[in-house]
Each structure stands twice: as structure tokens, then as C-alpha cells.
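The following report describes a structure through its backbone, its core and the surroundings of its ligands. Please read it beside the sequence and the coordinates.

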Amino acid sequence: MTPVGRLVVIEGLDGAGKRTLADGLTDALSAKGASVAKLAFPRYGKSVHADLVKEALHRGHGDLADSVYGMAVLYALDRRGAAEDIRALRDTHDVVLLDRYVASNAAYAAARLRQDASGEVVKWVWELEVARFGLPRPDAHLLLRVAPAVAAERAERRAEAETDRERDAFETDDGLQRRCAAVYDELAASGWLAPWYVLDGVAGVDLEALAKTLLGQ
Ligand SMILES: Nc1ncnc2c1ncn2[C@@H]1O[C@H](COP(=O)(O)OP(=O)(O)OP(=O)(O)O)[C@@H](O)[C@H]1O
Ligand SMILES: Cc1cn([C@H]2C[C@H](O)[C@@H](COP(=O)(O)O)O2)c(=O)[nH]c1=O
């Protein structure tokens, strides 16, 4: 078997368990001798664009948070600032795990505009981030699929446990999360940008089996 590739993106709803999966998968891959790097988007605290996103999601900043295209450009600029780092990590590690990437922008922008995955904004995100910004194309997406209610409950419990982590405007919008789940399913079904592997985030992920698949073992 051949490895699925070095650049592996984890996608899913807010609170789905992406960060937890990234940590568990890092351990499982490392146990097999693979070198692993992790990067999460937005890069809060590391890029001015990500920090503007955070402020907008928590405080609105006039009508910035309401501007779907304006917010999407900020997320994209944050990623463009990381493009060289991603390439360098890809050159020096067996697997680079990206916790959210370009598909997050496509899914959330489409959901906010009530479009589906064949709508105009999904094409625009591709055009901006892949064609114009030249961001590295991922090799695979892992869609951590959980029902929106389950993701919301997990996010709520996390906010109770982690006092420094307030829930943001997207996280608490149940309608947005439901529409976003539907767009993710469509992106996965169409193989948008790279192949998608759909994981059942409720039944639990077999990390060892997943690590083997990623490494082509
Ligand atoms: N399989 C699971 N079963 C139950 N709880 C889980 C599971 N995976 C993660 N959690 C818990 O759910 C909460 C959210 O998980 P996590 O922070 O990994 O989600 P996330 O998808 O990275 O969220 P966000 O996109 O909002 O940052 C955490 O408190 C975590 O411990
Ligand atoms: C990277 C990225 C994220 N989003 C959305 C998804 C979340 O609701 C928020 C913040 O992400 P976090 O995982 O809760 O830290 O932003 C987006 O719309 N576009 C993107 O590119």
C-alpha cells in the first residue's frame, strides 16, 4: 500500500473533536515511527489576521463579523501567512496534520450564505486560496462527522471546563452548524480539493487503523 500523502487535513463542526483526534492520531502515528507535525487554523496568537478573526467572532467589530466574504478573506490571509511553514513541515515530516484548512472556509462561508457546495462562494474560496494564493494542496481530508447537537454539547462542556475558552458566534449558531454539516457532507461526497475519509466521531475512531491507512501499511 502507498501512503495517502503527507498533508492531512482534519475537518468538522465546532466541538466535533478535531483537536482531540489530532492529538490521538499524532500519538498513534508516532508509535509507528512516523514524524508528525501539527498546525491549527486559525493561528490565534500567531497571526494578525487570525487575531482579527477572533475579535470579530467574539466582539463583532462593527459589521466585520457579518461580512461573509470579509471574514473568509481574513481566514485565507492567515493561511497564506503559513504557506511557507506548511511546505517546510511537509519537507521534514512524514505527516503534517492540519486542524482545519481551506475546506473550513468553503463549508462555513457556504453555510452562512445558505448556499450548497456547488454554490458560488465555494468556487470563490478555491479560486482565492488555491489559484491566487497558491496554498499547498492537501493530500487528504478526514471529516470527523458528528451530529450538530453532539458537537454543540461537547463544545458547551469544554467551555464549562476551560474557563478561558468562551464560545464564539459561529459555535453557538445551531442553524449555521446544521447547514455546515450538510455542506461538509457534500464536499466529502464530491472529493473537493482532495480525497475525503469520513470518520464516525460518535462511535469513536480506531486510531491505530487510521494511522496504518495514512502510512499505507
Ligand atoms: N470522542 C469524543 N467523545 C466525547 N467527548 C469528546 C470526544 N472527542 C472530543 N471530546 C471532547 O469534546 C470537546 C471538544 O473537543 P475538541 O476541542 O477536540 O473539538 P474541536 O473539534 O477541535 O473544536 P473546535 O473546532 O471548536 O476548536 C472537548 O472537551 C473534548 O474533550
Ligand atoms: C479555519 C477556518 C475556520 N472557520 C470557522 C470555523 C469556526 O467556527 C471558527 C473558528 O475556528 P475554531 O476551530 O473554533 O478555532 O471559524 C472558517 O469559517 N473558515 C476558516 O478558514
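Leu193 is placed in the loop between α8 and β5 (196–200), where helices (H or I, at least four residues) and strands (E, at least two) are DSSP runs numbered from the N terminus. Although Leu193 is not a glycine, its phi is positive, at about 70°. Leu193 counts as buried because 21 other C-beta atoms lie within 10 Å; a residue is called buried if 20 or more other C-beta atoms lie within 10 Å of its own, exposed if 12 or fewer, and partly exposed in between, with C-beta atoms placed from the backbone. This is a predicted model, in which local features need pLDDT of at least 70 and side-chain atom pairs count only at pLDDT 80 or more, while totals for chains, interfaces and linings use all residues. Residues are numbered from 1 along each chain as its sequence is written, and chains are lettered from A and ligands numbered from 1 in the order in which they are written.

Arg100, which is not a glycine either, has a positive phi of about 75°, and it lies in the loop between β3 (95–99) and α5. Arg100 is buried because it has 21 C-beta neighbours inside 10 Å. Another backbone feature is the cis peptide bond from Phe41 to Pro42, with omega near -5°; Pro42 belongs to the loop between β2 (36–40) and α2 (48–59).

The helix that follows the loop of Arg100 is enclosed: 11 of the 11 residues of α5 are buried, so α5 is largely surrounded by the rest of the structure. The elements that cover its buried residues include β1 (7–11), α3 (68–80), α6 (120–132), β4 (140–145) and α8 (174–190). After α5 comes Arg114, whose phi is positive, near 60°.

The largest nonpolar core (a set of buried Ala, Val, Leu, Ile, Met, Phe, Trp, Tyr and Cys residues joined through C-beta atoms within 7 Å) has 58 residues, of which Leu97, Ala103, Ala106, Ala107, Ala110 and Leu187 touch the most other members. The largest share of this core, 8 residues, comes from α5. Leaving aside residues up to four places away in sequence, Ala103 touches Val9, Glu11, His141, Leu187, Trp192 and Leu193, contact being defined by C-beta atoms, placed from the backbone, within 7 Å.

Turning to the ligands, a residue is taken as near a molecule if its C-beta atom, placed from the backbone, lies within 6 Å of it. Ligand 2 is surrounded by Asp14, Phe41, Pro42, Tyr75, Arg100, Ser104, Asn105, Tyr108, Phe170 and Glu171, so that both partners of the cis bond and the buried Arg100 are found in this shell. Around ligand 1 there are 14 residues, the closest being Gly17, Lys18, Arg19, Thr20 and Arg154, and the elements that give two or more residues to this shell are α1 (18–31) and α7 (148–161). The table sets out the two shells by class (Ala, Val, Leu, Ile, Met, Phe, Trp, Tyr, Cys and Pro count as nonpolar, Asp, Glu, Lys and Arg as charged, and the others, Gly among them, as polar).

| Shell | Largest contributor | Classes |
|---|---|---|
| Ligand 1 | α7, 4 residues | 2 nonpolar, 6 polar and 6 charged residues |
| Ligand 2 | α5 (102–112), 3 residues | 5 nonpolar, 2 polar and 3 charged residues |

Key. Contact = placed C-beta atoms within 7 Å.
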